[in-house]
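The following exercises concern aromatic rings in a protein chain. Please work through each task before reading its solution.

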Amino acid sequence: MAKNYKIYEHIGNISAENNGWTKELNFISWNDREPVYDIRSWTQDHTKYGKGVTLTQGEMKLLQELLKEI
């Protein structure tokens with residue numbers, strides 16, 4: 001996994017797997033870009049990660065509004 005990333009804020013864990021990986025919501029910068037909200041699975045030491053979804057601040061606000069409706 002060669003991507004450059006910096007986790008600015010660990011917001012919280014969504015779930016934990018038996019293998020030690022956790023699905024997390026973080027505020028993160030990928031490849032020195034503007035930080036985004038990021039949902040993906042990580043190893044405990046954050047050296048490996050799975051595929052995920054990134055959301056801009058605007059997309060995160062829209063998602064919050066959509067979640068309020070369910």
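**Aromatic pairs: exercises**

**Exercise 1.** Determine whether Phe 27 is buried, partly exposed or exposed.

*Solution.* The model is a predicted one. The relative accessible area of Phe 27 is 24%. Buried requires a value under 20%, and exposed one over 50%. Phe 27 is therefore partly exposed.

**Exercise 2.** Determine whether Tyr 37 is buried or exposed.

*Solution.* The relative accessibility of Tyr 37 is 19%. The cut-off for buried is under 20%, so Tyr 37 counts as buried.

**Exercise 3.** Classify the pair formed by the rings of Phe 27 and Tyr 37, and locate both residues.

*Solution.* A pair of aromatic rings is described by the distance of the centres and the angle of the planes. By the centre-distance rule, seven aromatic pairs are counted. For Phe 27 and Tyr 37, the centres are 4.9 Å apart and the planes stand at 50 degrees, so the pair is tilted. Phe 27 belongs to strand S2 (residues 22–30) and Tyr 37 to strand S3 (residues 36–42), 10 residues apart, and the pair thus links distant parts of the chain.

**Exercise 4.** Classify the pair of Trp 30 and Trp 42, and describe the surroundings of both residues.

*Solution.* The centres are 6.2 Å apart, with 15 degrees between the planes. Planes under 30 degrees apart count as stacked, and the pair of Trp 30 and Trp 42 is accordingly stacked. Trp 30 lies in strand S2 and Trp 42 in strand S3, so the pair ties together parts 12 residues apart in sequence. Trp 30 counts as buried at 9% relative accessibility, and Trp 42 counts as buried at 0%. Together with Tyr 5 and Tyr 49, Trp 30 and Trp 42 form one aromatic cluster.

Definitions and conventions: Residues numbered from 1 in each chain as written. Predicted model: local features only at pLDDT ≥ 70, side-chain atom pairs only at ≥ 80, totals over all residues. Heavy atoms only, no water. Phe/Tyr/Trp six-rings, centres within 6.5 Å; stacked < 30°, edge-to-face > 60°. Helix = DSSP H or I, 4+ residues; strand = E, 2+ residues; numbered from the N terminus. Buried < 20%, exposed > 50% of the residue type's maximum accessible area, 1.4 Å probe, protein only.
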